[in-house]
Amino acid sequence: MFEPPYTRTRAANERLRAHECDACGWVSFPEQPQFCKRCGVDASWSETRLQPRGTVRSYVVQQRLPEEFETPLPLAVMDMPQEESGEPARVYGLFTETDPADIEIGMEAEGVFRRVFDVAGLPIHSFKFTRPRGDRL
Amino acid sequence: MSSETDVAVVGAGMIDFGELFEQSIDDMLAAAFRDCLDDVDKGMSPADVDAAWFGTIDIADNASSGLGLSHPTGLFEMPVTRVENACATGSSAFRSAVESVRAGNTDVALVAGAEKMRDSAAGLIEGAALDQVWRGRGVTMPAFFGLRATRHMEEYGTTREQIAKISVKNHENGAKYPHAHYRFTCDVDDVVDSPQVTYPLNLYDCCPVTDGAAATLVVSEDVVDEFTDDPIWVAGSGLSVDSFERGNDESLVGFPATEQAAGQAYEQAGITADDIDVAEVHDCFTITELVTYEDLGFCEKGDGGAFIDSGEPLLDGETPVNPSGGLLAKGHPIGATGVAQVNEIYEQLRGKAGAVQADNDPEYGLQHNIGIGRNATGSVSCVNILSRQR
């Protein structure tokens with residue numbers, strides 16, 4: 001792995017910066033696109049920020065992974081709403097500090113800032129998800 | 001379409017799939033090519049081949065470019081093109097050859113696919129170590145497909161047992177299929193009690209890691225009589241890509257790319273899903289085959305569980321699916337997978353599929369491959385339809 005891709009996605013990883021297509025309202029995260037993935041237009045884009053929470057649309061619990069990953073590792077497809085109005089972004093969300101049995105489709109999860117992995121000794125920070133505080137089963 | 005050349009399949013060859021540490025990719029390709037030449041009814045020699053398409057994702061880093069096919073087969077002084085399209089590589093290579101023949105640019109085209117999965121596939125299989133945005137966080141192949149299983153069960157009430165039945169069916173077929181990697185049978189309890197890989201998928205929901213090679217010969221209507229009196233015709237082909245990031249909820253319970261590719265292929269063939277008599281579809285995981293029934297239009301969206309319950313896709317059912325055992329039993333050497341699927345449909349339509357022959361006298365057969373790529377967010381799907389009638 002090399003450092004540059006993570007320099008380019010730093011604002012997304014660390015500040016949940018996203019981009020909204022001015023033509024169709026689709027939200028891109030973490031990539032900063034030029035052509036819209038949904039409407040295909042060579043669009044103009046408005047910078048936006050996602051809320052540090054989202055809704056689980058589906059999930060799995062991974063049991064077999066390389067050593068550097070904790071297992072069991074729940075992974076979800078999440079819809080993360082924007083801070084202002086508009087559509088949510090559909091993204092992958094890793095879970096942490098959550099009992100896999102407590103995850104269900106439709107639940108809200110809270111984004112927490114974590115060290116995700118290292119690249120050549122350089123720590124890469126981003127969000128993971130947990131069941132929100134005060135919502136323990 | 002009248003100005004286009006009709007395209008026929010006249011030969012199919014493959015090696016026994018498996019864990020083949022004793023064979024190089026060159027060994028596998030040469031053997032599959034020889035088996036394919038030998039399969040042509042009236043014979044064919046390497047000198048008859050005008051152009052070749054080579055499907056491989058080159059996972060073991062030893063076969064990039066068309067030269068990876070030329071060296072082991074001796075096919076030089078002609079166009080040889082390597083095709084890579086994720087797990088849809090083999091069927092994309094077939095499609096590319098068909099398009100060239102259909103356009104009148106090639107009379108005799110070889111399609112060959114091969115993959116050395118066992119030499120160094122760990123990076124792809126685990127997916128988690130790759131230096132890309134999402135995969136770097138542990139998104140694996142079982143996760144990508146398993147996400148559809150969790151959602152399908154929630155949204156449509158599909159049961160774990162229905163999903164497991166796909167594995168039972170395909171292992172039942174694979175046990176009878178001479179080239180399959182795994183030739184054992186299992187029941188629903190064996191599947192749900194096998195070790196959990198990624199909830200909700202267990203070990204027997206996952207295809208094995210398999211080496212293999214396969215080859216197919218396609219020719220134009222102008223020369224078909226030189227090679228056989230019993231050709232199988234290419235009726236239609238489709239290819240499409242999509243990504244769940246685009247926000248379509250259908251992509252959480254299936255693969256819109258498959259629906260799009262199938263739509264193209266049905267239109268070109270002038271048929272509907274109801275006309276398909278036998279199919280080889282991409283069952284890298286059990287859930288993949290279940291949602292593919294729906295995406296191909298074999299049943300309504302959400303009815304994949306009921307479709308397997310009905311027995312229709314069983315070998316003695318109305319529309320046998322994966323008579324060869326599919327990827328789950330036969331194996332999934334990526335570049336070879338789609339080519340071997342085409343071969344099986346060719347054998348089925350000729351009535352020469354031996355112990356796994358569909359007994360419904362198949363007229364139309366469909367082959368389907370799906371791959372994932374682009375940080376494990378996108379899918380690429382290829383569908384080819386063969387027909388007994390021109």
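# Strands, helices and contacts in a two-chain model

Me: In β3(A), which residue is the bridge partner of A:His19?
Reply: This is a predicted model, in which local features need pLDDT of at least 70, side-chain atom pairs need pLDDT 80 or more, and totals for chains, interfaces and linings use all residues. Residues are numbered from 1 along each chain as written, chains are lettered from A and ligands numbered from 1 in written order, and side-chain values use heavy atoms, without hydrogens or water. Strand β1 (residues 17–21) of chain A and β3(A) pair in the antiparallel sense over five bridges. In β3(A), A:His19 is matched with A:Glu47.

Me: Which strands stand at the edges of the chain A sheet?
Reply: Strands (E, at least two residues) and helices (H or I, at least four) are DSSP runs numbered from the N terminus. Strands pair if DSSP finds at least two bridges between them. The open sheet of chain A has three strands, in the order β2-β1-β3, with antiparallel pairing. Each edge strand has a single partner, so one side is left without a neighbour in the sheet; the edges are β2 (27–28) and β3 (45–49).

Me: Which strands stand at the edges of the chain B sheet?
Reply: Nine strands form this open sheet, ordered β3-β2-β4-β7-β1-β8-β11-β10-β9, and the pairing is mixed. Each edge strand has a single partner, so one side lacks a neighbour in the sheet; the edges are β3 (80–83) and β9 (278–280) of chain B.

Me: Which residue in β11(B) stands opposite B:Asn369?
Reply: Strand β10 (residues 364–373) and strand β11 (residues 378–387) of chain B run antiparallel, joined by 10 bridges. Opposite B:Asn369 in β11(B) stands B:Cys382.

Me: At what angle does helix α14 of chain B run to β10(B)?
Reply: Angles run from 0 to 180 degrees between N-to-C directions, with axes fitted to C-alpha atoms, for helices over the stretch in contact. Helix α14 (residues 334–350) of chain B lies across several strands, including β1, β9 and β10. Its angle to β10(B) is about 170°.

Me: How do the axes of α3(B) and α14(B) lie to each other, by angle class?
Reply: The axes come within 5 Å and cross at roughly 60°. Among the residues making the contact (heavy atoms within 4.5 Å) are B:Phe94 of α3(B) and B:Val339 of α14(B). The classes are roughly parallel under 35 degrees, roughly antiparallel over 145, roughly perpendicular from 65 to 115, and oblique for the rest. That makes α3(B) to α14(B) oblique.

Me: How does α7(B) lie to α11(B)?
Reply: Helix α7 (residues 160–174) and helix α11 (residues 286–295) of chain B have axes that come within 8 Å and cross at roughly 100°. That makes α7(B), relative to α11(B), roughly perpendicular.

Me: What area is buried between chain A and chain B?
Reply: The contact takes 34 residues from chain A and 37 residues from chain B. Buried area is the accessible area (1.4 Å probe) lost on joining two parts, summed over both. Carbon and sulfur atoms give 58% of a total of about 3,300 Å².

Me: Which residue of chain A forms a salt bridge with B:Glu245?
Reply: A salt bridge puts a side-chain nitrogen of Lys or Arg within 4 Å of a carboxyl oxygen of Asp or Glu. Three such pairs join chain A and chain B. For B:Glu245 the closest N and O atoms are 2.5 Å apart, and the partner is A:Lys37.

Me: How many residues apart are B:Glu19 and B:Arg118?
Reply: B:Glu19 forms a salt bridge with B:Arg118, with closest N and O atoms 3.2 Å apart. The pair links a loop between β1 and α1 (25–39) to helix α4 (residues 117–120), both of chain B, at a separation in residues of 99.
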